[in-house]
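Visitor: I'm new here, so could you walk me through this one step by step? I'd like to start with what holds its parts together.

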Amino acid sequence: MTAIAAFAVASRAFSSPAKAEELVPYKIVGDGIPASLTGTPGDAARGRALVLARTTTCILCHSGPFPETRFQGDLAPDLTGAGNRWTASQLRLRLVDASRFNGQTIMPSYYRNDSLVRVGRNLAGKPILSAAEIENIVAFLATLRD
């Protein structure tokens, strides 16, 4: 391998988000994805941290029962009671591909990498979240009950 090729491979590895991964196959049944993307339940505590992360996920557009978090979003539904409104299967599909419910949604499809528009160069061909991150968020959202 030439020095230039080695540099290109190394720089791509360091510039790519750690979240980048190959998509695992999943099956949509009705209005959800019943099976975990990882084969195991997610970690609700990690999911909560992801929901409240301002860099990529929920709190940018959604609000919820997070009194300690200032400047919550108001573009999307409140997440309070999400675990009552949707099953884990439905939550999983909403995170994987929200456009299946509303073709005009502004919510990103967090676990798709095809047929997307307006995708940043650094995310092209990659999911925004990993399968484990999706499962962690599902686990947390399922705990949000009225």
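**Core and salt bridges**

Guide: Let's begin with one residue: at 29% relative accessibility, Arg48 counts as partly exposed (buried means under 20% relative accessible area, exposed over 50%, partly exposed in between, with a 1.4 Å probe and protein chains only). This is a predicted model, where local features need pLDDT of at least 70 and side-chain atom pairs count only at pLDDT 80 or more, while totals for chains, interfaces and linings use all residues. Residues are numbered from 1 along each chain as its sequence is written, and side-chain values use heavy atoms, leaving out hydrogens and water.

Visitor: Which residue meets Glu68 in a salt bridge?

Guide: A salt bridge is a side-chain nitrogen of Lys or Arg within 4 Å of a carboxyl oxygen of Asp or Glu. Here the N to O distance is 2.6 Å, and the partner of Glu68 is Arg48.

Visitor: How many residues apart in sequence are the parts that this pair ties together?

Guide: Glu68 lies in the loop between H2 and helix H3 (82–85), and Arg48 in helix H2, so the pair links parts of the chain whose separation in sequence is 20 residues. Helices here are DSSP runs (H or I, at least four residues), numbered from the N terminus.

Visitor: Is Arg92 buried or exposed?

Guide: Arg92 sits in helix H4. Its relative accessible area is 6%, so Arg92 is buried.

Visitor: Which residue forms a salt bridge with Arg92?

Guide: The closest N and O atoms of this pair are 2.7 Å apart. The partner, at 3% relative accessibility, counts as buried. Its name is Glu135.

Visitor: Which helices do Arg92 and Glu135 lie in?

Guide: Arg92 forms a salt bridge with Glu135. The pair ties together parts that are 43 residues apart in sequence, because Arg92 lies in helix H4 and Glu135 in helix H5.

Visitor: Which element gives the most to the largest nonpolar core?

Guide: A nonpolar core is a set of buried Ala, Val, Leu, Ile, Met, Phe, Trp, Tyr and Cys residues joined through side-chain atoms within 4.5 Å. Of the 24 residues in the largest one, those touching the most other members include Leu37, Phe66 and Ile134. Helices H2 (44–51), H4 (88–96) and H5 (131–141) are the elements that give two or more residues to this core. With 6 residues, the one giving the most is H5.

Visitor: Which residue forms a salt bridge with Asp97?

Guide: The structure holds 3 salt bridges. In this one both residues are buried, and the closest N and O atoms are 3.2 Å apart. The partner of Asp97 is Arg112.
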